[in-house]
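Work through these exercises with the model open beside you. Try each task before you read its solution.

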Amino acid sequence: MNFIRYILLLSICVIPFNAFTQNNSRIDSMKHILSLQDNIEKIKTLYNLAYELRRVKDSVGILYALQGLKLSKDLQYGIGEVEALNLLGKMARYQNHMKDAERYLKEALDRAEKEKYNHGIARAYNELGIFFEGQKKNVYAIDAYLSSGKLFEKQRNFKAAIKPTYNLADLYKDMEVYPEALKHYLKSFELAEKAKDSLGLGRIYFKIAELDKKRRNYIDMQKNALRAKSIFENLERSKDVYRSKILLGQSYDYLQQDEKAIKTYLMTLQKAPEYGIKDVSDLYHNLATVYKKNAQYDSAFFYYYKAQKSFKKANDYSRLAVNYNNLGNLYVSKGNQDKALENFSKSLVLQHQLKDSSLLQKTYQSMSNYFRNIGEYHKALSYRDSSEFVKASINRKIKKTDRFELHYLNDKRKMEAAKNAIEIERNIAERKAVTSMARLQVLFIAMITIVILFFVILRNKKLKHAKEIAELAYEQQKIEAILEREQQEKKLEEMLQEQERKAINTMVSGQEEERARIAKDLHDRLGSMLSVVKIHYKSVEDDLEKIKNETKTQYEKANQLLDEACETVRKIAHNMVSGTLTKFGLLPALKELKKKIEETKILNIELLAHGLDNRLDNSTEIHLYRIVQELLNNIIKHAKATEVTIQILKREKDLNIMVTDNGVGFDPQKNQFEGMGLKSIKARVGEMKGYYLVDSSKGNGTTTTIEIPT
């Protein structure tokens, strides 16, 4: 089942809203006010809820974003559509639904351009850049980042412009195009200064220090790591301070300042719990490397194996490959050749599995040294050649990137200029060719060749186009078949739901009819019979003097019991048809119900009502009274609550009822909690064409919200 169908099915049911009760007070507050809002205010709340839940690996945030998108379309609120589409694209990317992510982001860009919403256009370009980068479409990613940064700068939104510029620099660094990476890091630094963004400055110093490490510019690496650490310390960003100290320790290591490196690593390791760092495997690995360099082999082994344990636990095979390689070199230093070969082999296996050649050259060189040490010079020479080959391949790749990508990746206009230059040169060559017959013949042959090529290309395009049309037709048939199957499944589900609703409605209607019949029988038949008996008793009162004293006592007792029976029958009949409800309406009946329950000292009930100045129709009042009565019965039986709040809000077109308790709560996803009581509530709400939500979790009480159109 694809992503969209999954979301649509989830949006039909209530369960996702019940299952993810948030501890965050901001989210709880937004969820609480959502039902009280409408129009643009409601869209903003839905968008904020979706943003808060954007990284959660479920569909709750997506549902809020989809609701915001639908409401924005209904209100023709273009900016709301752009924000919702951007967010949906981002969430689809987080959940690895890449086709949906691309569709949403391109739709967001198109909608923002139609609205001339420049901020939305810039944001959409940045999100598309991140998407394209993840898909290894670097040319598209670079173009998108450049467009985003320029638009934000044009709006003088310098803080927003930092992000795409920063992302572009990261991409160039990953592509090993270091001059361009530095250029855009410095650009993002200028933007951070204009925006007075201290945190942004710290992060950029850190990134430049990482770039200095790759460029082997270790003095500048040390300076920039210190600057980043200083800013993060002032901002009390403990995790960023931790990362900066590791980078600083590495710079000391590369500059042969080993004592400073070890001291920095050990102090950082001691501070890690205070910083809230749980995974310190990088520190272990770096410490081991410095100890190995200083021939402190026992300490090096200790920390390498501690790091290896963490890498295995995290399934971090990339760093594990480095760890095995370094351990192999360490065992070579210790003279344990068997262990060295074992670790080199493990490293090579992981590198081949990961298809990562970044470490391959070093491992081959280590293997070459190993075989040379044990006297197997033929193998040593073979691994040295392999190492040199990998090194040359990497250099060729970097040069190829410089030669064929960098000169025109930054701007499409450069490519257009190059095309124009080629066209001009070709025109000049053609004019010169006219001056001689020989050149004319060459030109004629060239033209014939071009024409032939043109027709070959045209034919290939037609064949390709025909193939694409056939594939599209096949895909269309598949989509139509899927849609037809989905419609059939939906109709079957709706038919089953309708049958269940009718059955429950029949049961509820039967209950009401049975209540009325029993009340009528009690009042008309049994009540009348008791009244007749009472008259007969009255007729013999005159002869009481003639009756013996003991018989008189029995008579008086029987008469008392008869009075009590008449009163009980009257009360039962009154309660079953809810006399107060019939005479005075819903609110007085609920107040009477509140009073009776509070007399038991079990619950304290707060009843709040607004807008119920006029009575509703009789059927609606009976349904709502029975719903509240059933909810209170459930609270008394199961919730172990002490306080209940009943809120009733009558608006122009609907009626909202919210019942909240402070009880133990429950898991609404488990079917055993939906007994006949909740089913009858569902049936009554369905009969009135409304809907209801139950929001509960263990230990957090329960809130039931009911919306009824009026």
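**Exercise 1. Take stock of the chain.** How many helices and strands does the chain have?

*Solution.* Count 29 helices and five strands. Both are DSSP runs numbered from the N terminus: helices are H or I with at least four residues, strands are E with at least two. This is a predicted model, in which local features need pLDDT of at least 70, side-chain atom pairs count only at pLDDT 80 or more, and totals for chains, interfaces and linings use all residues. Residues are numbered from 1 along each chain as its sequence is written, and side-chain values use heavy atoms, leaving out hydrogens and water.

**Exercise 2. Place Thr 45.** Is Thr 45 buried or exposed?

*Solution.* Start with its helix: Thr 45 sits in α4 (residues 39-52). Next, read its relative accessible area, which is 7%. Buried means under 20%, exposed over 50%, and partly exposed in between, with a 1.4 Å probe and protein chains only. Thr 45 is therefore buried. Now list its contacts (heavy atoms within 4.5 Å). Leaving aside residues up to four places away in sequence, Thr 45 touches Met 30, Ile 33, Leu 34 and Gln 37.

**Exercise 3. Classify two ring pairs.** The structure holds ten aromatic pairs. Are the rings of Phe 132 and Tyr 140 stacked, edge-to-face or tilted?

*Solution.* Take the rule first. Rings of Phe, Tyr and Trp (its six-membered ring) pair if their centres lie within 6.5 Å; planes under 30 degrees apart count as stacked, over 60 as edge-to-face and the rest as tilted. The centres of Phe 132 and Tyr 140 are 5.5 Å apart and their planes stand at 40 degrees, so this pair is tilted. Check the cover too: Phe 132 is buried at 9% relative accessibility, whereas Tyr 140 is exposed at 52%.

Now try Tyr 218 and Tyr 254. Their ring centres are 4.6 Å apart with planes at 35 degrees, so this pair is tilted. Tyr 218 lies in α13 (residues 218-234) and Tyr 254 in α14 (residues 238-254), so the pair ties together parts 36 residues apart in sequence. Tyr 254 is partly exposed, at 28%.

**Exercise 4. Test a helix length.** What span is expected for helix α28, and what does the model give?

*Solution.* Helix α28 (residues 618-639) has 22 residues. The expected span is 1.5 Å times one less than the number of residues. That gives 32 Å, and the model's 30 Å from first C-alpha to last is close to it. Just after α28, Lys 640 takes a positive phi of about 55 degrees.
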